[in-house]
Amino acid sequence: MSEETPGFEEKPEVPADGTPEEPETAASADKAEKAAPAGDATDVALLAQLDQARKALEERTADLQRLQAEYQNYRRRVERDRVTVKEIAVASLLTDLLPVLDDVGRARDHGELVGGFKSVAESLETVVAKMGLQQFGKEGEPFDPTIHEALMHSYAPDVTETTCVAILQPGYRIGERTIRPARVAVAEPQPGAAPAKDDAKSSADEESGAPEEG
């Protein structure tokens, strides 16, 4: 049995810095330090979720706008195709009727468009006009190879350019679309003949006494 040294009492251990530990205060500080990071982590998570939701909304909005644009383009394409198909169908029908209209025109030129035939012919012409058919081609107009088809050719002293001198078959168009060119006889100026404009200019210069160009 050991003997206790008189005059000495056991004291609790003191930390090296000389400050006694306070168990309760230290525990409270630990809890506060743990609670603060938990709150910050929650805020960060919420912000991340909000950012994801915002990105998802932007993506869905972009998808919706793209689909709307594609739908509008589809509608315009369908409408354009519908109009084109209608024009082709009308042009095909009217093209088949052109020989009948030619017969009506020849009968009118020969004075044979009388009685019931005249009434039927006029009704037919009214119907095709409502469908957009237009007749073109007149004597004396300049020859245009895009709308005229020359079947006869000659020279004439009274023309200054290639001119339609006779309409053998009228042309027909629907809007800007030609479904048959006008079939015509054309005349050109006599080879070697001076243009009428130059003759007129020379006459005017002589009358006015203007000096000749050197």
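**Exercise 1. Identify the residue with a positive phi in the hairpin of E4 and E5, and describe the pairing around this hairpin.**

Solution. Step one: in the hairpin of E4 and E5, which leaves two residues between its strands, Gly175 adopts a positive phi near 65°. The model is a predicted one, in which local features need pLDDT of at least 70 and side-chain atom pairs count only at pLDDT 80 or more, while totals for chains, interfaces and linings use all residues. Residues are numbered from 1 along each chain as its sequence is written, and side-chain values use heavy atoms, with hydrogens and water left out.

Step two: strand E4 (residues 171–174) pairs with E5 in the antiparallel sense over three bridges, and Arg173 stands opposite Thr178 in E5. Strands here are DSSP runs of E with at least two residues, helices are runs of H or I with at least four residues, and both are numbered from the N terminus; two strands pair if DSSP finds at least two bridges between them.

Step three: E4 also pairs with E1, again in the antiparallel sense, over four bridges, and the bridge partner of Phe136 in E4 is Gly171.

Step four: the resulting open sheet has three strands in the order E1-E4-E5, with antiparallel pairing. Its edge strands are E1 and strand E5 (177–180), each of which pairs on one side only. Neighbouring strands of this sheet are turned against each other by 35° on average, direction ignored, where the axes are lines fitted to C-alpha atoms and angles run from 0 to 180 degrees between N-to-C directions.

**Exercise 2. Work out the strand order of the open sheet with mixed pairing, and decide whether Thr163 is buried or exposed.**

Solution. Step one: this open sheet of three strands has the order E2-E6-E3, and its pairing is mixed. Strand E2 (148–156) and E3 are the edge strands, each pairing on one side only, and the twist from one strand to the next averages 25°.

Step two: E3 and strand E6 (residues 182–189) pair in the antiparallel sense over five bridges, and Cys164 stands opposite Val186 in E6.

Step three: Thr163 lies in strand E3 and counts as buried because its relative accessibility is 11%; buried means under 20% relative accessible area, exposed over 50%, and partly exposed in between, with a 1.4 Å probe and protein chains only.

Step four: leaving aside neighbours within four places in sequence, Thr163 is in contact (heavy atoms within 4.5 Å) with Gly140, Glu141, Pro142, Phe143, Ala185, Val186 and Ala187.

**Exercise 3. Describe the lining of the largest pocket, and place the pocket in the chain as a whole.**

Solution. Step one: the largest pocket holds about 360 Å³ of space. Of the 16 residues that line the largest pocket, those closest to its centre are Leu101, Gly105, Gln135, Pro170 and Tyr172. On a 1 Å grid over the protein atoms alone, a pocket is an open set of points where a 1.4 Å probe fits, with protein on both sides within 12 Å along at least five of seven lines, and lining residues have an atom within 4 Å of a point. Grid points are joined across faces, edges and corners, and the volume is the space filled by probe spheres set on the points.

Step two: helix H1 (23–109), helix H2 (115–130), strand E1 (133–136) and strand E3 (163–169) each give two or more residues to this lining, and H1 supplies the largest share, six residues.

Step three: the chain has three helices and six strands, running α-α-β-β-β-β-β-β-α from the N terminus on.
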